[in-house]
Amino acid sequence: MTTAIIIIVAVLVVAAAVYFFVVRRGPVGGRSLQSRFGPEYDRVVARHGGDTQAAEQELDERVKLHGDLEKLPLTEAARAEYTARWARTQEQFVDSPQQALQEADALLADLSRDRGFPAGESFEERADALSVHHPRHIDGYRRVHSARSDDTGTEEMREAFVDARNLFDALLADGPAPRRHDNRQLTKGQGTS
């Protein structure tokens with residue numbers, strides 16, 4: 001009889017733990033959010049002053065808002081136009097890095113909208129939606145957006161531009177494999193003055 005009671009209590013304890021960690025916290029939370037968002041998780045935790053619970057609540061809300069978003073396909077003509085537009089922007093970087101960053105920022109906003117991401121009333125809304133599907137590439141976009149309006153050095157602008165290309169490639173690709181690109185024009189030492 002005592003063994004049966006111990007087994008029943010153990011089962012109840014396990015059931016309570018499962019309820020707390022899976023049902024109450026939801027399917028995403030803690031480690032899975034950290035794994036899903038990677039560097040974006042760390043950025044949000046830092047923004048919340050190290051409060052992981054507040055950061056996880058924010059990220060969980062992003063997943064609820066944007067996790068079911070279906071990406072719209074691009075026509076081949078649209079894909080070609082975006083590719084040409086990026087190439088022009090990349091060429092422009094050599095003579096006018098600040099203007100190239102502004103164009104890259106606008107180009108990424110247009111491309112994300114055409115792929116079905118909410119346009120958002122602010123950059124942060126758009127970046128939050130993108131971070132759910134492209135958390136490993138969102139940092140370059142954030143860096144381009146902030147560098148276009150402050151006194152960032154040319155080398156930092158170049159690095160932000162190159163990093164933002166990763167999001168561009170991810171948004172442009174229909175499948176999981178991003179297209180190869182050529183950043184030779186922006187290799188260290190070129191385009192810096």
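Q: Hi! How do H6 and H9 lie relative to each other?
A: Helix H6 (residues 97–114) and helix H9 (residues 154–172) have axes that come within 10 Å and cross at roughly 20°, so they are roughly parallel, a label for angles under 35 degrees. Axes here are lines fitted to C-alpha atoms over the stretch in contact, with angles from 0 to 180 degrees between N-to-C directions. Helices are DSSP runs (H or I) of at least four residues, numbered from the N terminus.

Q: Which residues make the contact?
A: Contact means heavy atoms within 4.5 Å. Among them are Leu101, Leu108 and Leu111 of H6, and Met157, Phe161 and Phe168 of H9.

Q: Is this a predicted model, and what does that change, or how are things counted?
A: The model is predicted, with local features needing pLDDT of at least 70 and side-chain atom pairs pLDDT 80 or more, while totals for chains, interfaces and linings use all residues. Residues are numbered from 1 along each chain, and side-chain values use heavy atoms, without hydrogens and water.

Q: New topic: how many aromatic pairs are there?
A: The whole structure has 4, counting Phe, Tyr and Trp rings (six-membered ring for Trp) with centres within 6.5 Å.

Q: What about Phe123 and Tyr141?
A: Their ring centres are 5.0 Å apart and the planes sit at 70°, so the pair is edge-to-face (over 60 degrees). Phe123 is in helix H7 and Tyr141 in helix H8 (residues 138–147), 18 residues apart.

Q: Are those two buried or exposed?
A: Both Phe123 and Tyr141 are buried (under 20% relative accessible area, 1.4 Å probe, protein chains only).

Technical notes:
Helix = DSSP H or I, 4+ residues; strand = E, 2+ residues; numbered from the N terminus. Parallel < 35°, antiparallel > 145°, perpendicular 65-115°, else oblique. Phe/Tyr/Trp six-rings, centres within 6.5 Å; stacked < 30°, edge-to-face > 60°. Buried < 20%, exposed > 50% of the residue type's maximum accessible area, 1.4 Å probe, protein only.
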